[in-house]
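User: I have a model open and would like to understand the reasoning behind some of its labels. Could you walk me through them?

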Amino acid sequence: MHQIKAVFNGNFDYIENIKISPFSRAYTFSDSVYEVIPFHNKKSISYEKHIDRLQRSADALSISLDIKKVSDEINQLLSSLDFDNGYVYYQVTRGQDLIRSHMHSDQLETETFGYITQCSFETKKFNVMICEDTRWCRCDIKSTSLLANVMNMNNAKLQNCDEIIMHKQGTLTEGGASNLFFIKDKNVCTPALSNNILPGITRSILIDALQEKNIKVIEDNFNYLELKTATSAWLTSSTKGIAPIENIVNIDNSLSIDDPLFVSCKEIFESKFFS
Ligand SMILES: Cc1ncc(COP(=O)(O)O)c(C=O)c1O
């Protein structure tokens, strides 16, 4: 079995040797934030943007963080690579409490955990299901509290879907683990950032790359029924890159993965993402 290299509270070891207290607040309350930092040909992608977002997520929950130490550990994991493509997962938890209590002690030591693993970045076509966004109102924080995503995505799996597209009272938000783009009336559209959406790094790379080529991206509030007349739609994330949606199983649609504007967007994105 391939052994996964990891780091827990500053100690590097293989994942099976790491011991975590059940009183870790990651375990009892999901009181943690995390990042997924992709690398391609042994080179990290948008490293600074991921580190900045980790700091912002920790700040939002008032979890103290030594970002230089975190960055050194991530770099050490990256320098120990024996494969070309993959990602580093890094989680920052408020710490271990002596008793389980919603109100945490003020003397906690931040707990950190990271590991490095392989990922192919092969483009895969997705079947998706639309569902109500039942998550909390701070989805802009990259927290490990992902139970609504887990429930909705596993319901979608029962319908042979790979992902979901969520809406809050009709307004499109994002995928279960990705951001959403679609083409409507020959325009590239994506839900505008808000507290209900994670500001995806891949989303921002794509928008910047398209704007450099004078392709306008409309960031706005869209009703999910607008996807019925979209000509193409796709999801973005650090591990999926751009993943075209082949079918939305629970609304009528005529999405095409050969839409010429989508094909251009994908080419522009890939030349930037993997450069
Ligand atoms: C809910 C959600 N939205 C969007 C994204 C995409 O973010 P990024 O492009 O930074 O990977 C993710 C990534 O895991 C996610 O979990």
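User: What makes α5 and β13 part of the shell around the ligand?

Analyst: Happy to help, and do keep in mind that this is a predicted model. A residue joins the shell if its C-beta atom lies within 6 Å of the ligand. α5 (201–212) and β13 (232–237) each supply at least two such residues. The largest share, three residues, comes from α5. In total 13 residues surround the ligand, with Leu198, Gly200, Ile201, Thr202 and Ser238 the closest.

User: How many residues of each class are in the shell around the ligand?

Analyst: Seven are polar, four nonpolar and two charged. Gly counts as polar here, so Gly200, one of the closest residues, belongs with the polar class.

User: How do you know which residues Ile245 touches?

Analyst: The test is a C-beta distance within 7 Å. Leaving out residues up to four places away in sequence, isoleucine 245 touches Phe126, Val128, Ala233, Trp234, Leu235 and Leu255. Ile245 is also among the residues with the most contacts inside the largest nonpolar core, alongside Val128, Ile164, Ile165, Phe182, Ala233 and Trp234. That core has 53 residues.

User: Why is this core said to lie between the domains?

Analyst: Because domain 1 (5–118) and domain 2 (126–273) both give residues to the core, it lies between them.

User: How do you know where the two domains touch?

Analyst: By the 7 Å C-beta cut-off for contacts, 18 residues of domain 1 are in contact with ten residues of domain 2. On the domain 1 side, β3 (32–40), α2 (47–60) and β5 (86–93) each supply at least two residues, and β3 has the largest share, with six. By class, that side has nine nonpolar, six polar and three charged residues. The C-alpha centres of the two domains are 26 Å apart.

User: Why are β1 and β6 called a pair?

Analyst: Two strands pair if there are at least two bridges between them. Strand β1 (residues 5–8) and strand β6 (residues 111–118) have three bridges, in the antiparallel sense, so they satisfy the rule of at least two. For example, alanine 6 has tyrosine 115 in β6 as its bridge partner.

User: And what makes β2 and β4 edge strands?

Analyst: The open sheet has six strands in the order β2-β1-β6-β5-β3-β4, with antiparallel pairing. β2 (11–14) and β4 (43–44) each pair on one side only, and that is what makes them the edge strands.

Conventions: Residues numbered from 1 in each chain as written. Predicted model: local features only at pLDDT ≥ 70, side-chain atom pairs only at ≥ 80, totals over all residues. Core = buried A, V, L, I, M, F, W, Y, C linked by C-beta atoms within 7 Å. Buried ≥ 20, exposed ≤ 12 C-beta atoms within 10 Å, placed from the backbone. Domains from an automatic or database assignment. Helix = DSSP H or I, 4+ residues; strand = E, 2+ residues; numbered from the N terminus.
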